[in-house]
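Subject: A structure for you to explore

Hi there,

Here is the structure I promised to pass on to you. Please open it next to this email and follow along as you read.

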Amino acid sequence: MHQVSGGQRKRCSAAIEFLSGRPILFMDEATSGLDSATATALVDQLGEAAHLEFRTVVSTIHQPSFDLLSRFDKLILLGTIDDDKGGTVVFDGQPSQLSSYFAQGGSPCFQGENPADHVMYVLAEEGGSKWFELWRDSPQKIETNDRALAALARIEQNSIDVGQKIYLSHDELDDDDDDDDEDSA
């Protein structure tokens, strides 16, 4: 039996996700094990799924080049505050804002350095506590919270609208059934 390589397995998994037609794509380290050209093509396909097919793409990515990272619309960066609390948001924004955000926090990225690598080095060296506090008190966090609250309000409004439409449809069906009963009497 032929052995399937890690890259072949990743490409097959990605193809299955794309072909599923689901409105949300979950991609766990989809670029790991792929050469840079294939990884770039995959991330571009994810972008097309998001922008042209209006699908939500949620992806984790491990040690990306900044070029690859820049192809994403939004980046949520997680750090560790202490040994017990990993996965804490230390940045949430566009990848293009990453360098200026870390420069504001006192850890500028040097010219020619990969910003994605720089961020990983800084978080590994300093830990996430400083960056969590910076994020918590930042204008970006307030803006993100405002956007999230607005999105939740839209979802809530759409849910109410959908519920009302279903309710109205149900009433219309009941009225039709009553008419049928009168006709048969």
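Before anything else, one term: two residues are in contact when they have heavy atoms within 4.5 Å of each other. With that in hand, take the contacts in the chain with a separation of 6 or more: 51% of them are between residues 24 or more positions apart. Please keep in mind that this is a predicted model.

**The overall layout**

The chain has 185 residues, and 26% of them count as buried. You will find 7 helices and 4 strands. Starting at the N terminus, the order of the elements is α-β-α-β-α-β-β-α-α-α-α.

**How confident is the prediction?**

The average pLDDT of the chain is 78, and 82% of the residues score at least 70. Which elements sit at the two ends of the confidence range? Helix H2 has the highest mean pLDDT, at 90, while helix H7 (residues 139-184) has the lowest, at 59. Please read residues 161-185 with care: pLDDT stays under 50 there, and the model gives this stretch 0 contacts beyond four places in sequence.

**The largest pocket**

Next, have a look at the largest pocket, which has a volume of about 870 Å³. It is lined by 30 residues, and those closest to its centre are Ser59, Phe72, Lys74, Leu75 and Ile76. Where does the lining come from? Helix H2 (36-51), strand S2 (56-60), strand S3 (75-79) and helix H5 (115-126) each contribute at least two residues. Sorted by character, the lining has 17 nonpolar, 7 polar and 6 charged residues.

**A group of aromatic rings**

The model holds 6 aromatic pairs. In one of them, the ring centres of Tyr101 and Trp131 are 6.1 Å apart and the ring planes meet at 50°, so this pair counts as tilted. Tyr101 belongs to helix H4 (residues 98-104) and Trp131 to helix H6 (residues 129-136), so the pair links distant parts of the chain, 30 residues apart. Tyr101 and Trp131 are both buried.

Tyr101 also pairs with Trp135. Their ring centres are 6.4 Å apart, and because the planes stand at 70°, the pair is edge-to-face. Again a residue of helix H4 is paired with one of helix H6, so parts that are 34 residues apart in sequence are tied together. If you step back from the single pairs, you will see a cluster in which ring pairs link Phe91, Tyr101, Phe102, Trp131 and Trp135.

Trp135 deserves a visit of its own. Is this residue of helix H6 buried or exposed? Its relative accessible area is 3%, so Trp135 is buried. Leaving out residues up to four places away in sequence, Trp135 touches Val89, Val90, Phe91, Asp92, Tyr101, Gln140, Lys141 and Thr144. Take Asp92 as an example: Asp92 and Trp135 are 43 residues apart along the chain, yet their C-alpha atoms are separated by 8.3 Å.

**Some loop residues to click on**

Two residues in the loop between strand S1 (24-28) and helix H2 make a nice contrast, and Thr31 is one of them. With a relative accessible area of 12%, Thr31 falls under the 20% limit, so it counts as buried. Beyond its neighbours within four places in sequence, Thr31 is in contact with Ala39, Leu42, Val43, Ile61 and Leu68.

Glu29 is placed in the loop between S1 and H2 as well. Its relative accessible area is 30%, so Glu29 is partly exposed. Glu29 also has a positive phi, near 50°, in a residue other than glycine.

Where else can you find a positive phi in a residue that is not a glycine? Phe54 has one, of about 55°. Phe54 is placed in the loop between H2 and S2. Its relative accessibility is 71%, so Phe54 counts as exposed.

**If you would like a route through the model**

- Begin at the pocket, with Ser59, one of the residues closest to its centre.
- Move on to Tyr101 and Trp135, which are both buried.
- Finish at Phe54, which is exposed.

Enjoy looking around, and write back with any questions!

Best wishes

Key: Residues are numbered from 1 along each chain as its sequence is written. This is a predicted model: local features need pLDDT of at least 70, side-chain atom pairs count only at pLDDT 80 or more; totals for chains, interfaces and linings use all residues. Side-chain values use heavy atoms; hydrogens and water are left out. On a 1 Å grid over the protein atoms alone, a cavity is a set of points where a 1.4 Å probe fits but cannot get out, and a pocket is an open set with protein on both sides within 12 Å along at least five of seven lines; lining residues have an atom within 4 Å of a point. Grid points are joined across faces, edges and corners, and a volume is the space filled by probe spheres set on the points. Ala, Val, Leu, Ile, Met, Phe, Trp, Tyr, Cys and Pro count as nonpolar, Asp, Glu, Lys and Arg as charged, and the others, Gly among them, as polar. Buried means under 20% relative accessible area, exposed over 50%, partly exposed in between (1.4 Å probe, protein chains only). Rings of Phe, Tyr and Trp (its six-membered ring) pair if their centres lie within 6.5 Å; planes under 30 degrees apart count as stacked, over 60 as edge-to-face and the rest as tilted. pLDDT is the predictor's confidence in each residue, from 0 to 100.
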